[in-house]
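The report that follows accompanies a single protein chain and its model. It takes up aromatic rings, nonpolar cores, one pocket and a few individual residues in turn.

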Amino acid sequence: MIIAGIYSFNGGEKTVRDNYPGLYREIEAIISKIDANFYKTKTSREKNMNGRVLYSPKELNSSFKKEFYSFGWSSYKHNCDYSTQYYTENYILKSEKKYKPYREMDFVKNKLGVEVQFGKYSFMVYNVCAKMTIFKKLGVINAGVEIVPVKQLADEMSTGVSYFEQFVWDLEHRGVSNIDVPVLILGIDA
């Protein structure tokens, strides 16, 4: 795969290149090692693309995971303790949930967080505008990298997969807040 687009959110490009040059080179190497053609395996059942062979986001994600782990990156989970103090007086909690809620960053190394996103638009926004801010506040990361498909690649995936160009447009029109983390957004293509 190749890096087809670069967008600097809140000084993300300068922060990553200046403070994490070795890690940025690792990210470039990881992206270039992935041959997307191996992952064009999903036969669409969608009405407007029925029978068309598409890139599999699940398999692409697995490939990225394998490569990041081979470079010594690891995922990071933070357990969440949900409070019940905000329930109304009349609300009766029928049972305590048996699940263990958590938030997870795809990859972390030396306080640089990386998220790889081949999903819906809302997940890209959540990663950059909420999740990375939370993980910075927890002391896990100082900056982030978001890896997303460009439009050309997204068109070869299921409908609804978001893409770099749309994401950049929205971030530019949203603006930067004082709580935002510096994030380098990389648009990739096959």
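How many aromatic pairs does the count come to? The model is a predicted one, and in it the count comes to 6 aromatic pairs. One of them joins Phe 64 and Phe 118, whose ring centres lie 6.0 Å apart with 45 degrees between the planes, an arrangement that is classed as tilted. This pair links distant parts of the chain, since Phe 64 belongs to helix H3 while Phe 118 sits in the loop between S6 and helix H4 (121-137), 54 residues apart. Both Phe 64 and Phe 118 are buried.

A pair with another geometry is formed by Phe 68 and Trp 73: the centres of the rings are 5.4 Å apart and the planes stand at 90 degrees, so the pair counts as edge-to-face. Phe 68 has a relative accessible area of 0% and is therefore buried, and Trp 73, at 3% relative accessibility, counts as buried too. Phe 68 and Trp 73 also belong, together with Tyr 69 and Phe 107, to one aromatic cluster.

**Overall organisation**

The protein contains 6 helices and 8 strands, and from the N terminus on these elements follow the order β-α-α-β-β-α-β-β-β-α-β-α-α-β. Taken along the principal axes, the C-alpha atoms fill a box of roughly 55 × 45 × 35 Å. Of the 190 residues, 43% count as buried. Among the contacts with a separation of 6 or more, 73% are accounted for by residues 24 or more positions apart.

**Nonpolar cores**

The largest nonpolar core has 31 residues, and those with the most contacts inside it are Ile 27, Phe 64, Phe 68 and Ile 147. The elements that give two or more residues to this core are helix H2 (21-33), helix H3 (57-70), strand S6 (112-116), strand S7 (143-149), helix H5 (151-154) and strand S8 (183-189). H2 gives the most, with 5 residues. With neighbours within four places in sequence left aside, Ile 147 is in contact with Ile 27, Ile 31, Phe 64, Phe 68, Val 114, Glu 115, Val 116, Gln 117, Leu 186 and Ile 188. Apart from this core lies another, of 20 residues, which includes Phe 9, Met 132, Phe 135 and Ile 185.

**The second largest pocket**

Which element supplies the largest share of the lining of the second largest pocket? The largest share, 6 residues, comes from S5, and both H3 and strand S5 (102-109) supply at least two residues each. The space in this pocket is about 240 Å³. Its lining is made up of Asn 61, Lys 65, Tyr 69, Ser 75, Tyr 102, Arg 103, Glu 104, Met 105, Asp 106, Phe 107, Val 116 and Lys 131, and these residues divide into 5 nonpolar, 2 polar and 5 charged. Tyr 69 and Phe 107, named above as members of the aromatic cluster, are thus also among the lining residues of the pocket.

**Individual residues**

Three residues with their relative accessibility are set side by side below.

| Residue | Place | Relative accessible area | Class |
|---|---|---|---|
| Glu 67 | helix H3 | 11% | buried |
| Lys 65 | helix H3 | 42% | partly exposed |
| Asn 110 | loop between S5 and S6 | 57% | exposed |

Why does Glu 67 count as buried? Its relative accessibility is 11%, and because buried means under 20% relative accessible area, the residue falls in that class. Leaving aside neighbours within four places in sequence, Glu 67 is in contact with Ile 30, Lys 33 and Ile 34.

Lys 65, which is one of the residues that line the second largest pocket, lies 116 residues from Val 181 in sequence, and the two are 23 Å apart in space, C-alpha to C-alpha. Asn 110 touches Tyr 20 and Leu 23, not counting residues up to four places away in sequence. The C-alpha atoms of Asn 110 and Tyr 91, which are 19 residues apart along the chain, are separated by 44 Å.

Technical notes
Residues are numbered from 1 along each chain as its sequence is written. This is a predicted model: local features need pLDDT of at least 70, side-chain atom pairs count only at pLDDT 80 or more; totals for chains, interfaces and linings use all residues. Side-chain values use heavy atoms; hydrogens and water are left out. A nonpolar core is a set of buried Ala, Val, Leu, Ile, Met, Phe, Trp, Tyr and Cys residues joined through side-chain atoms within 4.5 Å. Buried means under 20% relative accessible area, exposed over 50%, partly exposed in between (1.4 Å probe, protein chains only). Helices (H or I, at least four residues) and strands (E, at least two) are DSSP runs, numbered from the N terminus. Contact means heavy atoms within 4.5 Å. On a 1 Å grid over the protein atoms alone, a cavity is a set of points where a 1.4 Å probe fits but cannot get out, and a pocket is an open set with protein on both sides within 12 Å along at least five of seven lines; lining residues have an atom within 4 Å of a point. Grid points are joined across faces, edges and corners, and a volume is the space filled by probe spheres set on the points. Ala, Val, Leu, Ile, Met, Phe, Trp, Tyr, Cys and Pro count as nonpolar, Asp, Glu, Lys and Arg as charged, and the others, Gly among them, as polar. Rings of Phe, Tyr and Trp (its six-membered ring) pair if their centres lie within 6.5 Å; planes under 30 degrees apart count as stacked, over 60 as edge-to-face and the rest as tilted.
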